[in-house]
Structures are given as C-alpha cells and as structure tokens.
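Student: Got a minute to go through this one with me? I'd like to start with backbone angles.
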Amino acid sequence: MGGVFRLSRGKALVVCGVPVVGLIASAALAPLPFSVAQPGVTANVLGTYRGAEVVSVTGTPTRHTDGQLRMTTIAATGPDQDVYLGDVVDGWFRTDRTVLPHDSVYPGGNTQESERRNTEEMKQSQDSATTAALGYLGRKPSDVHVKLRLADVGGPSAGLLFSLGIIDKVAGDGSGGDLTGGRVVAGTGTIASDGSVGTVGGVALKTRAARRDGATVFLVPKGECSEAQTDLPKGLRLVAVTTLKGAIQSLRALRSGGSVPGC
C-alpha cells in the first residue's frame, strides 16, 4: 500500500494561495460589469446653457427673474468604457463616487441605444413639463409656445425644474416676486403631465453637484429623502416634494419664512 502524502500547514497555504492570487490578479486586470458615477453638471433653467436660453416662452408676456433654478445631473463612465477592480474599490470608499451595476445605468447596453433612450426620455420629460406648467398656469398650449433646450443632457430628471422655470418666467410666485426668492435653488425629479413628481436616482451625488454650484435649497422627490440625506453637504436644505403645486407652495413659504416639508 502506498504511503499517504501530506503537506505541512505552511506548504498547504502556499499551494492553495496560488490559485487565489491568480484569481485576484485576473479580476484586477479584467473589466467588471459596473459603472462609476460622480456629481455632474448643473444648469440654471432660468438662464442659458452652452450659449442657448434653456426656457423660451412666446405667446404671453414673460418677466425678468432673479435667483437660479438649477437642474442637476450625475456623470457616469460611458457604456463602452471599461471599469476595473481598482475603480470599483476606489468608488466604494469615496463619498463623491457611487458604484452601480452597468445595466442599471445603461439598460440598452451600447452607446447608440443609450443615447437614443436618453434623448427620447428628455423629449418626453420636456413635453410633460410644458403640459404640467401650462396646466398650473391655466394657459392653453395653442396660445403659449414653450421651447426647452439643454444640449448634451439626456434623461427625464430635469422635468420638475423645467416646469418651475416656465412658471417663474411667466408668473413668478403669483405676487410679483420670483419663485426662487433670489436664492440658488437646485433639485431633481421627473414630472408627469398632471404635475406629480417622480423619483430619479443618484440623488446623493446631485446634492453635491448642487452645493458645489452655489445652491442652498434642494428640491428632492419625497421617496428619495433617505438617499438625499446621505452625506448631505453642509449648507444645503432639503425640501421634499411630491407635486409641482407642492414645490411651488414650498418655494413661496421659503420666501415668507413659513414651514416647508423637509426630509
């Protein structure tokens, strides 16, 4: 009968460790199915962005506005950009980065499909924002023409700010003042034609972008309050919103010193 071959504890660890090290090395060198996101650009919908007026209204008198209404974005690694283990580990340990499954950021998979989808969602968001704003103002779309421009920004998350921008340019706060009260107000949220506000994702990064660009107030969909409170930048006040009307009421209350729904 042959003898039993045994390894010492040290040798066994070395032998077992070789494939483990190999797997780690392979993981470090192979692209992973993740995207890394960070705070993106913000744009004042009451002003211009890349040389073009963001909100243009014709067919009714418009007013001069003070303050800013800044829509916010996140910037993610591109759909065809490789992300490696080092990028993922770095993102996990930084508060200004978020690691997300690639398919959750780019459901379409490739660049062309993602761009097509983002463009389509932006168009739908602009249409809904216009309908919601004109409905709130009691104006007919046949009488008032609204044009929204936001070059190179896609997706539906600017809807709420688009609607607020239209309303501020046409009617302000309804009492001769601005919705912003002269502040830099930022926010995010989808908008439906009936004025309801929906969640968007990436809120914790958007609050950072907002504060970086001077905002002191951030309008956040109520369902994303918990995420917005994560590492909230100092000096930024959260205002929870569920509807366009509610957002306007909160902005008016901020002007008068009244109470507003926080997170």
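Student: What sign does phi take at G214, just after α6?
Tutor: Positive, at about 95°. Keep in mind that this is a predicted model.

Student: Which residues does α6 span?
Tutor: Helix α6 covers residues 203–212.

Student: How many residues of α6 are buried?
Tutor: Seven of the 10, so α6 is largely enclosed by the rest of the structure.

Student: Which ones are they, in α6?
Tutor: The buried set in α6 is V203, A204, L205, K206, T207, A209 and A210.

Student: Let's take T207. Why does T207 count as buried?
Tutor: Because its relative accessibility is 0%. The cut-off for buried is under 20%.

Student: And what is T207 in contact with, leaving aside neighbours within four places in sequence?
Tutor: T207 touches F218, A228, L232, P233, L236 and L238.

Student: Back to phi. Where is D231?
Tutor: D231 sits in the loop between α7 (225–228) and β12 (237–241). Its phi is positive, about 50°, although D231 is not a glycine.

Student: What do most residues other than glycine have for phi, negative or positive?
Tutor: Most of them have a negative phi.

Student: Is D231 buried, partly exposed or exposed?
Tutor: Partly exposed, because its relative accessible area is 40%. The partly exposed class lies between the 20% and 50% cut-offs.

Student: What about R50, what is phi there?
Tutor: Near 55°. That is another positive value in a residue other than glycine.

Student: Which strands flank the R50 loop?
Tutor: β2 (48–49) and β3 (52–53).

Student: Is R50 buried or exposed?
Tutor: Exposed, because R50 has a relative accessibility of 58%. The exposed class starts over 50%.

Student: Now the whole chain. How many helices and strands does the protein chain have?
Tutor: Eight helices and 12 strands.

Student: What share of the residues is buried in the protein chain?
Tutor: Buried residues make up 43% of the 263.

Student: How much area does the protein chain expose, and what share comes from carbon and sulfur atoms?
Tutor: About 13,500 Å² is exposed, and carbon and sulfur atoms supply 53% of that.

Student: Last one, on contacts between residues at least 6 apart in sequence. What share joins residues at least 24 apart?
Tutor: In the protein chain, 75% of those contacts do.

Notes. Residues are numbered from 1 along each chain as its sequence is written. This is a predicted model: local features need pLDDT of at least 70, side-chain atom pairs count only at pLDDT 80 or more; totals for chains, interfaces and linings use all residues. Side-chain values use heavy atoms; hydrogens and water are left out. Helices (H or I, at least four residues) and strands (E, at least two) are DSSP runs, numbered from the N terminus. Buried means under 20% relative accessible area, exposed over 50%, partly exposed in between (1.4 Å probe, protein chains only). Contact means heavy atoms within 4.5 Å. Accessible areas come from the Shrake-Rupley method with a 1.4 Å probe; for residues, only the protein chains shown count as cover.
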